[in-house]
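This briefing introduces one protein chain to a reader who has not met it before. Please keep the sequence and the 3D view at hand while reading the points below.

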Amino acid sequence: MQKKVLALAVAGLLSGAAFAQNSVTFGGTVDVGFMNSTDHTTTTVNQRNAIDDGGWDASRLWWNAKEDLGNGLTVDAYQQIRIDTDRRNIVEVNKQWLQIGSTSWGAIRAGTFGNVHDDINGYSEVKGMGYGNSVHGLLTSDTTYNAVQYVSPNFSGFGFKAALSSNDTNRGAVGAGLDDENGNGNVNARSYGLQATYVNGPLKAGLSYDRKSLDTAKANEFLLSAGYDFGMFQLGAGFDRTKNEGLVLAASGSGYTVLSSNNWTKKAFRINGGVSITPNDQLALSYSRVKYDFANGSTSESANGYGVSFHHVMSKRTNVYASYGVVSQDEDARMVYAGYQKLFKVGVRHQF
């Protein structure tokens, strides 16, 4: 929910100059609730009870500044700050960019933002109810990276994006996670991405592809995601395929490293079904599955996720929710998923 809190008109300094329209919009989300986590794959702490942030959405603050440059041109500056409501000191800039655009030819954007998969991944989460199946986040390896991106105008519901990055994770120092196979830093993981979408009325559908490369290693990812709102019933589905040849995400999650033996193909899908019990109450069921096939002849590994979720709309900006999700996998010793395999959430989300 956007809330415009400041709008200024700035006159031209010269006589007869046109007015440049400026606006600054602020907004945010606060999401906090109780989470019960059980059945961890690795630690001896088999149960965790806590008040946590982000049961539905991660809490955040954002602002967007926009100026009309005239002749159909606009410039936009956007920044989003993630805030963990369950901690005192976890604050980070999540997404930020500057773009110049036009309704006739589109926009050029540069900064740090979600990749082409991140943009459409939520299409299969019909009305936001698919989070119950996302307890393991296995569908797509979406990341936030620094890049330059072209965003097309809206062609009767159709849209296109193309992105290019020469430093995929915005890292480079030795030990920061973006090192080559010899431990040398300052290595740029290059990538490009393409996306096509159709959003019109009850239908949202998207197709995306990206390719990452670092030295001789590379990875390709393809995602198809769609959702349809039939009114009383909602349906969403997504399919992801990733082929990896030596490119691995560092354990810290901070960058990429090269490992020649790390060659695999991942296939994952999920399906969500939701029903509106009343105009303000919705129930959803979800199922997801992921499978890894390894090029070195190792046995394939797979995991399944099941979820049920409920949410009640209290107002246009506030809702309460509850969800329960379970992950089962072939073998914890060779983890497809690492973490708690059973998760119950109940919380409140407020947007402003």
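Asp119 counts as partly exposed because its relative accessibility is 28%, where buried means under 20% relative accessible area, exposed means over 50%, and partly exposed lies in between (1.4 Å probe, protein chains only). The model is a predicted one, in which local features need pLDDT of at least 70 and side-chain atom pairs count only at pLDDT 80 or more, while totals for chains, interfaces and linings use all residues. Residues are numbered from 1 along each chain as its sequence is written, and side-chain values use heavy atoms, with hydrogens and water left out.

**The chain overall**

- The protein chain holds 1 helix and 18 strands; helices (H or I, at least four residues) and strands (E, at least two) are DSSP runs numbered from the N terminus.
- Of the 352 residues in the protein chain, 43% are buried.
- About 17,900 Å² of the protein chain is exposed, and carbon and sulfur atoms supply 57% of that area, as given by the Shrake-Rupley method with a 1.4 Å probe, where for residues only the protein chains shown count as cover.
- Taking contacts between residues at least 6 apart in sequence, 55% join residues that are at least 24 apart, a contact being heavy atoms within 4.5 Å.

**Salt bridges**

- The whole structure contains 10 salt bridges, each being a side-chain nitrogen of Lys or Arg within 4 Å of a carboxyl oxygen of Asp or Glu.
- Asp119 is the partner of Lys161 in one salt bridge, with 3.1 Å between the closest N and O atoms. This pair links distant parts of the chain, since Lys161 belongs to strand β9 and Asp119 to helix α1 (residues 116-121), 42 residues apart.
- Lys161, in contrast to its partly exposed partner, counts as buried because its relative accessibility is 18%.
- Another salt bridge joins Asp240 and Lys266, whose closest N and O atoms are 3.4 Å apart. Asp240 lies in strand β13 (residues 233-249) and Lys266 in strand β14 (residues 256-278), so the pair ties together parts that are 26 residues apart in sequence.
- Both Asp240 and Lys266 are buried.
- Lys243 and Glu245 also meet through their side chains in a salt bridge, at 3.9 Å from N to O, and these two residues are linked with Lys218 in a network of salt bridges.
- Lys243 is partly exposed because its relative accessible area is 35%, and Glu245 is partly exposed because its relative accessible area is 30%.

**Nonpolar cores**

- The largest nonpolar core has 7 residues, namely Trp62, Tyr78, Trp97, Phe113, Tyr145, Ala147 and Ala163; such a core is a set of buried Ala, Val, Leu, Ile, Met, Phe, Trp, Tyr and Cys residues joined through side-chain atoms within 4.5 Å.
- Apart from this core lies another, of 5 residues, including Ala268, Val290, Tyr292 and Ala303.

**Two residues in strands**

- Ser165 lies in strand β9 (residues 158-165) and counts as buried because its relative accessibility is 3%.
- With neighbours within four places in sequence left aside, Ser165 is in contact with Tyr145, Asn146, Ala147, Ala189, Arg190 and Ser191.
- Trp63 is found in strand β4 (residues 60-70), and is partly exposed because its relative accessible area is 30%.
- With neighbours within four places in sequence left aside, Trp63 is in contact with Thr25, Phe26, Ala77, Tyr78 and Gln79. The C-alpha atoms of Trp63 and Gln79 are separated by 5.7 Å, although the two residues are 16 apart along the chain.
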